[in-house]
Amino acid sequence: MTVSQHMVRTLLAVLLPLALGLGWLLYGGWQAQQVAVQQQLDALALQQQQLLDGQLRQGQRLAAALAATAWAPALDARRCPPGEAQQLWLRASGFSHALTLNATGQVVCSALPLDAAARQHVRQLPGLAALLAQRQWAVSEPLVVPALHRRVVLLSHPLWRATGQLRGQVILLLDLSALAKPALAAGLPDGLAWRVDSRAGAVLQQYGAGEPGDSLRAQRQLASAPWRVTVSVPHAAVRAQLLRQGLPLALGTLLAILLAIAAGWLFARYLLRSIRQLSGFVSRVGQGEASLRIQPLGPQELVLLGQEVNRMLDAADHAESRYRLLFAASTDGVLVVNARMQILAVNEQGASMFGYSVDELTGQGVDVLIPQALQAAHRHVASGYAANPVGRSMGHRPTLRGVRQDGSEVLVQITLSPLPAGGVAAIVRDVSERHQMQARMQWLAQYDALTRLPNRVLLADRLEQALRRAQFSQQPLALVLVGLDHFKLINETWGHASGDRVLSQFGRRLLDSLGEGWTVARVGGDEFAIVVEDAAEPHQLPGVLEKLRQALLAPLEGAGSSRLVVGGSMGVALFPDDAEDAGELLKAADMALEQAKLRQRGGVRFYSEQHVPRYRQELELEARLREAIAANALLPYFQPIVHADSGQIVCVEALVRWPQADGMVPPAAFLPVAEAAGLLPGLERLVRRKALAAVRAWHDEGLPLQLSLNVSAAEFDSPHFVDEMAMLVREAGLQPAMLVLEITEGAVLGSQDAAQARMQQLQASGYRIAIDDFGTGYSSLSYLHRYPFDRLKLDRSFVARLTRDERARKVTAAIIAMAHELSLVVIAEGVEEAEQLAVLQAMGCNQVQGFYLHRPLSAQALGELMRPPRVLQPAVP
């Protein structure tokens, strides 16, 4: 806005109140004039109301007086007084006529002579019936009486019988032209209007041009009749009167305003030259000519103002030079951001922190520095900050994440300072290295730097959690401490570097031996701790101890190319038997380890010896089993499967047996140990190879038999199972059609598509496939039509109840019938009694197996059994 415009605004600011004052004066005069006129109208309306009320009250008294005469209530025309007397009364009261009517409207007495026609017209007056029914003083609406040819209103007073019955009415006629005329007040504007209305809206009397819509008015309601008096004056007449009275004052005021405008403009022109010089100088400085200085002219005040401007420019130059120096030299990033979240300025450190140059980052939105996933949240927070901007110091909030130009993230802390002109100045500090150092320190506080295993601190925390789980499940927990033997000698002989390498290798070996999910920690120089949960599970703790023993016996790399077998001892403490908290459990395990090192290096020592026998027995059994596998001492035994009707041996099922000098080791005793120790695959491979060799030998002797092999779920899930079976069959020189693979329902519970494909591959190769133990698992009928089974082995639990449970017999018969409908061969296992065999034969079972028929036999015994002709005979228990 120019200086001239400012001056005009100043003059307007001065003159506008004057103009408003003049307007207010005129408006006040108009209001006062309206009030005065309204008061005159109210007085005139009140005067007219009083005149009309007086006239009506006089008529009321006259009618009452007539009704009280002796002749009026008699309603006898002969007793009517002379007409001259009645007319005299009427003229004295201002009424034009008086009548007495009976209840039927017939004229009885009349102040004026009436002929028959006139009397008939009276009876036909509008509203007469309603007036005759009135039981008190009443006034009618205006009407025209034909006999009088005038507009009148009727005033009635009832006439009563002595018995209280209404006999007739005294009627007075009031000529509307005789109503009281208004006494017009002097000084009222022209256009005054006066009117009297009835309750029904009929105009009784009117004076003037009527009541316009835009007018001042006064109304009064009569007390003696339902009439209303209205007096009005048009607003235009009031305004015209006011204009005649106020025009000289308005013209004088307007002239004074014009003179003031002229004087102000001349004074403004006097100042305009110097002000324009000063404003032009300020404009050039704002455009960047900061080195300019002004030589002010004009009044002393403007000269002082120019000098002050020069001084402020000098101070601003000095402050800007210091700001630029600090902006460029700051080790933190500095960004200036406006209210639209655009970066207006950034220093070199701030731009390089995010991988940009200063020119690349200037003008961009702040969102380019924020990860996309956080941009919406940042905009929400930024809008809240804009509504209440406050300074925020570094570190008041958690570390924030920014994004560099290459997409990598940087951790920053920010200080925000709101700017007076809007926006914010942000100081940004890169704290990525500090956080990495903090994370490293936190890791070092919980992990061992050499082995990268949890240290004693983290072990204590995990042990506490494991103890809480053990308390909840009421299962025992074991803590095993492993100490390396003669580790000090390694450090002294080959140096600490070799010792560190041995510790690192042994830590990794422990993790590899136990697998995922185990807590393995380094708690001292050469000591390691293992937490074993669910220690009461069969072979859980012995299996862990064996794996640890194998890890201790495996060679480690020493100095150069040398390999060392370090060995070590183990101490075991159990919860809750030995201790009930983590600290006491660690102490008990440490004491057990010390005892193991003192009494027998390389051994295992329990803190409480009451647990030793069971675990020692399992460990010894596992050791002997390993030796038996290594010595090829395990043998296949064969249990015959015979035709149910003929008793002929048609197949044999291969079973593993472990012979020893004092007899056979029960399979239920060593098979779980083999599974827990991971020995089962090798054991089964050994026994199958021997079983296939025996079958080959029988075939060479002319004794063709099918061999039935049990397949575990783990084996069947292996992708190499089909190839391994093919290799064993080729080695034995047999055909796949000579083998029956017994697969349990549990083996197909995983990926059903993969199981179906594997079975189809086996069947295409020629193998026979049987579903084993049918009825003990899920027994889903969908298995029978989804998978290509050839045989169905009925579980021994059904056979055992055949002779004493009718329901079991029906279920068994249904299974056999269903299998036959699917063209499956049904084999019943666990036949122990002749009665069971008879029932199965009656049900049509194809093949049977059990101790009643044959016990498991060695290869030699089975060969001798098959050579002579064989008939079905019970086996001697």
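Me: Why is D197 counted as buried?
Reply: The relative accessibility of D197 is 4%. Buried means under 20% relative accessible area, exposed means over 50% and partly exposed lies in between, with a 1.4 Å probe and protein chains only, so at 4% D197 counts as buried. A word on the basis: this is a predicted model, in which local features need pLDDT of at least 70, side-chain atom pairs count only at pLDDT 80 or more, and totals for chains, interfaces and linings use all residues. Residues are numbered from 1 along each chain as its sequence is written, and side-chain values use heavy atoms, with hydrogens and water left out.

Me: What makes R228 and D197 a salt bridge?
Reply: Their side chains come to 3.6 Å, N to O. A salt bridge is a side-chain nitrogen of Lys or Arg within 4 Å of a carboxyl oxygen of Asp or Glu, so the pair qualifies. R228 is in strand β10 (residues 228-234) and D197 in strand β7 (residues 193-197), 31 residues apart; strands (E, at least two residues) and helices (H or I, at least four) are DSSP runs numbered from the N terminus. R228 is called partly exposed because its relative accessibility is 34%.

Me: How many salt bridges does that rule give?
Reply: The count comes to 19. A network of them links E546, R549, E622 and R626.

Me: What makes E806 and R809 a salt bridge, and how are they placed in helix α24?
Reply: Their closest N and O atoms are 2.0 Å apart, which means that the pair passes the rule. E806 and R809 are three residues apart in helix α24 (residues 806-821), so about one helical turn separates them. E806, with a relative accessible area of 41%, is partly exposed, and R809, with 24%, is partly exposed too.

Me: Why does D772 have no salt bridge?
Reply: The nearest side chain of opposite charge, K793, is 4.5 Å away. Lys and Arg count as positive and Asp and Glu as negative, with His and the chain ends not counted. The 4.5 Å is not within the cut-off, so D772, though buried, goes unpaired. D772 lies in strand β28 (residues 768-774). Among its contacts (heavy atoms within 4.5 Å), leaving aside neighbours within four places in sequence, are K793 and E829.

Me: What makes E829 and K793 a salt bridge?
Reply: Their side chains meet at 3.7 Å, N to O, so the rule is satisfied. E829 lies in strand β30 (residues 825-829) and K793 in strand β29 (residues 791-794), so the pair ties together parts that are 36 residues apart in sequence. E829 is buried at 6%, and K793 is buried at 0%.

Me: How do you know that E715 is buried, and what does it touch?
Reply: Its relative accessible area is 16%, so E715 counts as buried. E715 is in helix α19 and touches E684, R688, N710 and F721, not counting residues up to four places away in sequence.

Me: Which residues lie nearest the centre of the largest pocket?
Reply: Those are L671, L680, E684, N710 and S712, out of 43 lining residues. Helix α18 gives the most to this lining, with seven residues.

Technical notes:
On a 1 Å grid over the protein atoms alone, a cavity is a set of points where a 1.4 Å probe fits but cannot get out, and a pocket is an open set with protein on both sides within 12 Å along at least five of seven lines; lining residues have an atom within 4 Å of a point.
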